[in-house]
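Biologist: Can you pull up the model for me? I'd like to go through some side chains.

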Amino acid sequence: MIILGIDPGYATTGYGVIRKEKSDLSAVDYGVITTPPTESLPVRLAMLDEALTALIKRFEPDSIAIEELFFNTNITTGIKVAEARGVILLAAIRECGKLYEYTPLQVKQALTGQGRAEKKQVQYMVRALLGLKSEPKPDDVADALAIAVCHANMLAYRQRTLN
């Protein structure tokens, strides 16, 4: 099974593609989709849609997991991220059809057993669970891989509870 995890953003969107075979997880590919700050937001959103659509077509994921929106104090940035997230949701449903959303708390809980875990703990677990030589950078990539791993864990949990 191929899972695409996405950490949404309008300037930088992290993605992580993992393979789940039984209880084994491995990283297939990961990176960021970036858009130039010199472009208008609508152009950046179109670029994001095009890049994400190409990524989905390239890896043909069985499901896509995305982080739910969480922002602290900067409402302007939050609105732009929400707009990017809308583009991502649309592309995911259009191209894959199987979309799952997780809160940051759920992702941390799934990876570390602690919903209030520090970012470094999550990065360490991503590296350990996927057998990576180093922690993926930037943080958007680590977060995207963490979201994919969270989804893999939730699938495994659902299978155990159904049997």
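Biologist: Arg94 to start. Buried or exposed, or in between?
Modeller: Arg94 is partly exposed, at 42% relative accessible area. Buried means under 20% relative accessible area, exposed over 50%, and partly exposed in between, with a 1.4 Å probe and protein chains only.

Biologist: Is this a prediction, and what's the small print?
Modeller: This is a predicted model, where local features need pLDDT of at least 70 and side-chain atom pairs count only at pLDDT 80 or more, while totals for chains, interfaces and linings use all residues. Residues are numbered from 1 along each chain as its sequence is written, and side-chain values use heavy atoms, with hydrogens and water left out.

Biologist: Back to Arg94. Which side chain does it meet in a salt bridge?
Modeller: Glu95, at 3.0 Å from N to O. A salt bridge here is a side-chain nitrogen of Lys or Arg within 4 Å of a carboxyl oxygen of Asp or Glu. Glu95 is partly exposed too, at 28%.

Biologist: Which residues are linked with those two in a network?
Modeller: Asp49 joins Arg94 and Glu95 in a network of salt bridges.

Biologist: How many salt bridges by that rule?
Modeller: The count is 7. One of them pairs Glu101 with Arg85, with the closest N and O atoms 2.3 Å apart.

Biologist: What does that pair tie together?
Modeller: Glu101 is in strand S5 (residues 99-102) and Arg85 is in helix H2 (residues 75-95), so the salt bridge ties together parts 16 residues apart in sequence. Helices (H or I, at least four residues) and strands (E, at least two) are DSSP runs, numbered from the N terminus.

Biologist: And how accessible is Arg85?
Modeller: Arg85 is buried, at 10% relative accessible area. Its partner Glu101 is partly exposed, at 37%.

Biologist: What about Glu21, which residue does it bridge to?
Modeller: Arg19, with the closest N and O atoms 3.7 Å apart. Glu21 is partly exposed at 47%. Arg19 is partly exposed at 33%.

Biologist: New topic. Where does Ile33 lie?
Modeller: In strand S3, residues 24-34. Ile33 is buried, with 9% relative accessible area.

Biologist: Which residues is Ile33 in contact with?
Modeller: Leaving aside neighbours within four places in sequence, Ile33 contacts Ala11, Thr12, Thr13, Tyr15, Leu48, Ala51, Leu52 and Leu55. Contact means heavy atoms within 4.5 Å.

Biologist: How far apart are Ile33 and Cys96?
Modeller: Their C-alpha atoms are separated by 18 Å. Along the chain, Ile33 and Cys96 are 63 residues apart.
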